[in-house]
Amino acid sequence: MAQKLTIALNRQKGLAQQLIQCAEEKRKALMDGELDTLKQVLEKEEEICLVFQKMEMARQAVTLQLLQKHGITQQGISLREIVEILPANPVAAGLNEAGNTLAEVVGELQRKNATVDEILTLKSDYADLMLEILAGSHDSNSNNRSYDNRGEVVQEKGETRGMYEVLI
């Protein structure tokens, strides 16, 4: 059972790596203003997420079987706790490694998606500002972000930050 769980975690890691690639493609499409590419990437990402969801259900079933095999009925047990229950052997070590690797990949995915989120927020805020200016309803004393004539965010104390600096 532990070996099946290790296989499931490794498959999820592979899907998470594909999602990282999608996040990078989204970032590039947003930066380049390629909406058709962005749409294609989002569709690809949605397909991967559906597969990931099915794999997660299978992983949960295998985890439940493993726990039942060891007489554990407790819900919400962590992978670390599962590894501690198992006898010390290469299978348990492989399970632990698979869990740690998946956690690292998911962390990277979260960072990539946070960058995409920041870019979207900056672009949306700038578009909203331009629409307000065009409509004549912009309040320059508002607490929202403000932009200079090059589209760069003006921070407090007169500092500016370019839209592309988010990537650093």
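How many helices and how many strands are there in the protein? There are four helices and three strands, and I should say at the outset that what we are looking at is a predicted model. Read along the sequence, the elements follow the pattern α-α-α-α-β-β-β, and of the 168 residues in the protein, 31% are buried.

Let me turn to how the helices pack. Two packed helices are described by the angle between their axes and the distance between the axes, and I will take two pairs in that way, both of them involving α1.

In the pair of α1 and α2, the axes come within 9 Å of each other and cross at roughly 165°. Because angles over 145 degrees count as roughly antiparallel, α1 is described as roughly antiparallel to α2. As for handedness, α1 passes α2 in a left-handed crossing, and the residues of this contact divide into 20 nonpolar, four polar and eight charged.

In the pair of α1 and α4, the axes lie 8 Å apart and the helices pack at an angle of about 20°. Since angles under 35 degrees count as roughly parallel, α1 is roughly parallel to α4. The crossing of α1 and α4 is left-handed, and by class the contact has 18 nonpolar, 10 polar and seven charged residues.

Now, two individual residues, beginning with one in α4. Is Thr101, which lies in helix α4, buried or exposed? Its relative accessibility is 18%, and because buried means under 20%, Thr101 counts as buried. In space, the C-alpha atom of Thr101 is 8.4 Å from that of Asn10, although the two residues are 91 apart in sequence.

The second residue is Gln65, whose place is in helix α2, the element that spans residues 35-69. With a relative accessible area of 38%, Gln65 is partly exposed, the range for that class lying between the 20% below which a residue is buried and the 50% above which a residue is exposed. The C-alpha atoms of Gln65 and Leu5 are separated by 9.9 Å, while along the chain these residues are 60 apart.

Finally, the empty space. Rolling a probe the size of a water molecule over the atoms shows where empty space is left. In this model, the largest pocket has a volume of about 310 Å³. Which residues lie nearest the centre of the largest pocket? Of the 21 residues that line it, those nearest the centre are Glu56, Arg59, Gln60, Thr63 and Ile77. The elements that give two or more residues to this lining are α1, covering residues 2-32, together with α2, α3 at 79-85 and α4 at 90-135. Among the contributors to the lining of the largest pocket, α2 gives the most, with seven residues. Sorted by class, the lining of the largest pocket comprises 11 nonpolar, eight polar and two charged residues.

To draw the threads together, α1 is roughly antiparallel to α2 and roughly parallel to α4, and α1, α2 and α4 are among the elements that give two or more residues to the lining of the largest pocket.

Notes
Residues are numbered from 1 along each chain as its sequence is written. This is a predicted model: local features need pLDDT of at least 70, side-chain atom pairs count only at pLDDT 80 or more; totals for chains, interfaces and linings use all residues. Side-chain values use heavy atoms; hydrogens and water are left out. Buried means under 20% relative accessible area, exposed over 50%, partly exposed in between (1.4 Å probe, protein chains only). On a 1 Å grid over the protein atoms alone, a cavity is a set of points where a 1.4 Å probe fits but cannot get out, and a pocket is an open set with protein on both sides within 12 Å along at least five of seven lines; lining residues have an atom within 4 Å of a point. Grid points are joined across faces, edges and corners, and a volume is the space filled by probe spheres set on the points. Ala, Val, Leu, Ile, Met, Phe, Trp, Tyr, Cys and Pro count as nonpolar, Asp, Glu, Lys and Arg as charged, and the others, Gly among them, as polar. Axes are lines fitted to C-alpha atoms, for helices over the stretch in contact, and angles run from 0 to 180 degrees between N-to-C directions. Angles under 35 degrees count as roughly parallel, over 145 as roughly antiparallel, 65 to 115 as roughly perpendicular and the rest as oblique. A crossing is left-handed if the near helix is turned anticlockwise from the far one by less than a right angle, and right-handed if clockwise.
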